[in-house]
Number of protein chains: 2
Amino acid sequence: MRIVDIREHAVPIHSKQRNSRFDFSLMDTSVVAVVSDVIRDGRPLVGYAFNSFGRYNCSAMVRERFGPKLLGAPPELLLDEAGTNFDPARAVECMLQRERNGAHAERCIPVGTLEVALWDLVAKIEQRPLYRVLADRFNDGRFSDRVPVYVGGGWYAPGQTAEDLRREMQGYLDAGYRMVKTKIGGLPLAQDIERIETLLRVVGGGPSLAVDANCGFDRERAFAYAKALAPYGLRWLEEPCDPMDYELYRELAQAYPHPLANGENFSGARELDNFLRYGGFRPGQDVIQVDPPLAYGIGEYVRCLEVSRRFGFGPEAMYPHGGNLMSLHVVAGLGLAACEAYTGVFGVFGGFGDEVSIGEGMATLPQSPGIGFERQPALWAILSQLTEGA
Amino acid sequence: MRIVDIREHAVPIHSKQRNSRFDFSLMDTSVVAVVSDVIRDGRPLVGYAFNSFGRYNCSAMVRERFGPKLLGAPPELLLDEAGTNFDPARAVECMLQRERNGAHAERCIPVGTLEVALWDLVAKIEQRPLYRVLADRFNDGRFSDRVPVYVGGGWYAPGQTAEDLRREMQGYLDAGYRMVKTKIGGLPLAQDIERIETLLRVVGGGPSLAVDANCGFDRERAFAYAKALAPYGLRWLEEPCDPMDYELYRELAQAYPHPLANGENFSGARELDNFLRYGGFRPGQDVIQVDPPLAYGIGEYVRCLEVSRRFGFGPEAMYPHGGNLMSLHVVAGLGLAACEAYTGVFGVFGGFGDEVSIGEGMATLPQSPGIGFERQPALWAILSQLTEGA
């Protein structure tokens, strides 16, 4: 049993939306395929993944630095003890040979994306959906049948009106969602507050609305927003400032009485450990949002859970970033709080495919083996191109 | 005045040496050339740089992500106020458009390498060696004529004997060096101590010998080495453990009575700020080793100096990593403590070229305009290939 090929392709996301700091017009991602020699129904089993959003493609590093390590390794080094399946943890160990300590962000995306593709492959070999495999390995076999989801929406767009925003949010509610998130920081504070009041009238109340500043605030603006937002009792205030400015987070956590959120730009457990040690996050209240394919993969995500637990944060604090099938499996299999959903943004990379339905703020789960990208038709059209002829 | 082309090439380093964690057999680097439309002696002025060592090439990001931003920017955006030269700080601002906060390590190398190449270009346009330009911009015009240097040597090599090591170190002394650094952690503690005693007999005493563990130790081994090394009063103990484990550094700084060193794996001022805030480093004693092309460039290095000063560390604490002409200019122009030198390692990328001579532990400075790679013949053979036909 071995990996016989690794393929990748950089795909533009073609998005016009904007957060507090920049537009996404140049954003792209890497789709990867890890091809095995395991033949099922006459074809090799393949694991797929892509590197979430908000960063850029990691194709060159997959192609030149990390893929060749997997392809060049003695095949048995990449297998589990029994030799009956691949072991993503061993694959990561192999990819991190001859790599420095520190500087994690340099490589956490290509390694994480390949690791998640390996999990897709592992679950396909077991002929089970990934969340069941993860539940067995990391959660004493427990998994959720349906998982809470919330919409990552409310982006800034050219010419957007209050009516546009109302219609967008009503659409989410009509589609079965109960909680939404909106961007803040792309307009002056007073206009952002108007925007939030518009949204609150649609979604019903603060606990159903989170806001996301995408690290856009300096100290002064962060405190101004914290003060102005406090009366609304919002679900959370996400990334108000530089995600690595632990001291500023600590001060904000002392001043702002409602939940804060951070983590989607962390490279893994080491950075999370430092953040929770110094950043003043409050157990039972604040929210952690590490994104598996952007942060060394699912194995590292499990280590993030261990780190979080040491600082008093259980699975109820964990809302992985990345509204996609990969995160949905992680939330379901590890019993986490909720999964983000991208509805109508990020093109073919948004959404959960045709096996998943939404209702009462919950998502059903896919039943296909692996992650189930095969049942997300527009995305599958791209992923399957990777392996034509394989 | 504009940038008309950016060229890059990934070059293997062909090194057999080994530190505490891995060998360098697959190590490579990117050489970059930033071609301007400024014509001097009938040819366009070009800035050159490469991304130091110990990481890997950043070619794809130069080619696909950051180079195109510079080439696509309105030319005046990249110039200084007077419009008579390029402004590397504005170029960095341009390269960081549409980039996330956090995740610095992902991009600090390609941005830093391009930024240093721009400084080479800036100094060539001014027809002065780079250190004089840096002294004017950032150091009230003060610069050193000669700068202290120390040798980054003592690598582990296959079949190495004590006699080999003695001969290596004697060679450095004969070449005019007075202080050397050796690797530790690649052998069991007792053998490493024997190695250190061998070296001390050659170099004369603890203050002339630093040791570098390249982040190879866990907590237990870090404390074991700290305890065993303490009696020797070595110049410094470098990167004993994970560079981001601030808490472990803090504990080591309390236990180990001599200088510690860290910083070559930092991505810039943000990480340095956190490290100095939490890591227990002692002003007047410990050593900071940020490497400009690996950490957003020289402008960011100046910000690192500001951060350091806030925590009580002056230029005397600053020993930039990277034994090359780029670091030599930074040390001379900013008045820092000393520059590392690689003698006979890292192939054509080691050494300072034929304008620089070493004596009494000091290096003279190049007089060519810019960085002066043109006078480092073996390296220049590679760099000049980038711009054949330009």
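Domain bounds here come from an automatic or database domain assignment. On that basis, chain A of this predicted model splits into domain 1, covering 3–127 + 379–386, and domain 2, covering 137–374.

**Inside chain A**

Take the two domains of chain A to begin with. Their C-alpha centres sit 24 Å apart. Where the domains meet, domain 1 of chain A puts in 38 residues and domain 2 of chain A puts in 37 residues. If you want to find the domain 1 side on screen, look at β3 (43–50), α2 (88–95), α3 (108–125) and α12 (377–386) of chain A, each of which supplies at least two residues to the side touching domain 2. The top contributor there is α3(A), with 11 residues.

**Between the chains**

Now for chain B against chain A. Here 28 residues of chain B are in contact with 29 residues of chain A. On the chain B side, α1 (59–72), α8 (246–255) and α9 (269–278) each bring at least two residues to the surface that touches chain A. The largest share comes from α9(B), which gives 4 residues.

**What the two sides are made of**

Here is the make-up by residue class for one side of each contact.

| Side | Nonpolar | Polar | Charged |
|---|---|---|---|
| Domain 1 of chain A, touching domain 2 of chain A | 19 residues | 12 residues | 7 residues |
| Chain B, touching chain A | 11 residues | 8 residues | 9 residues |

Terms used: Residues numbered from 1 in each chain as written. Chains lettered and ligands numbered in written order. Predicted model: local features only at pLDDT ≥ 70, side-chain atom pairs only at ≥ 80, totals over all residues. Contact = placed C-beta atoms within 7 Å. Nonpolar A, V, L, I, M, F, W, Y, C, P; charged D, E, K, R; others polar.
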